[in-house]
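Q: Please examine one part of this model closely, and describe how it sits among its surroundings.

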Amino acid sequence: MRQLYPKETVYIVGEAKSPQNNPITKQYHTFFVGFVIDETNNRIVDVDCTSILGLTKRFIQDLFIGEVFWDSETIIQSIEKRYLGSSQKALIVAYKNAKKKYRQALDE
């Protein structure tokens, strides 16, 4: 069986509420962002999210892939500057939630 991601990667999911008028809320109820992180350098290898449009998913991938997962300042500034969708705040909260979950897992 072919392994898609190296053994040095981990998967973590962050979640947040999106605005009530957002189609994501109507379809999924919650906004989820999943991250594949390379533990050797903390870079984001892959990302996926609950979205209605494929373009949204690809744009979010463009924002995150290759970034250092712990570099909140750079990532959040990029989201605030470039992602002007109605779920911008939810994206930031989901990212922060994923960071918190990953930190807890590392501390165990």
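Which strands does helix H2 (residues 54-64) lie across, and at about what angle does it run to S3?

A: The model is predicted, so local features need pLDDT of at least 70 and side-chain atom pairs count only at pLDDT 80 or more, whereas totals for chains, interfaces and linings use all residues. Residues are numbered from 1 along each chain as its sequence is written, and side-chain values use heavy atoms, with hydrogens and water left out.

Helix H2 lies across S2 and S3 and runs at about 160 degrees to S3. Helices (H or I, at least four residues) and strands (E, at least two) are DSSP runs numbered from the N terminus; contact means heavy atoms within 4.5 Å. Axes are lines fitted to C-alpha atoms, for helices over the stretch in contact, and angles run from 0 to 180 degrees between N-to-C directions.

The strands beneath this description belong to an open sheet of three strands, ordered S1-S2-S3 with antiparallel pairing; two strands pair if DSSP finds at least two bridges between them. Strand S1 (9-16) and strand S3 (43-49) are the edge strands, each pairing on one side only. On average, neighbouring strands of the sheet are turned by 20 degrees against each other, direction ignored. Strand S2 (residues 31-38) is joined to S3 by six bridges, and the two run antiparallel. Opposite arginine 43 in S3 stands aspartate 38.
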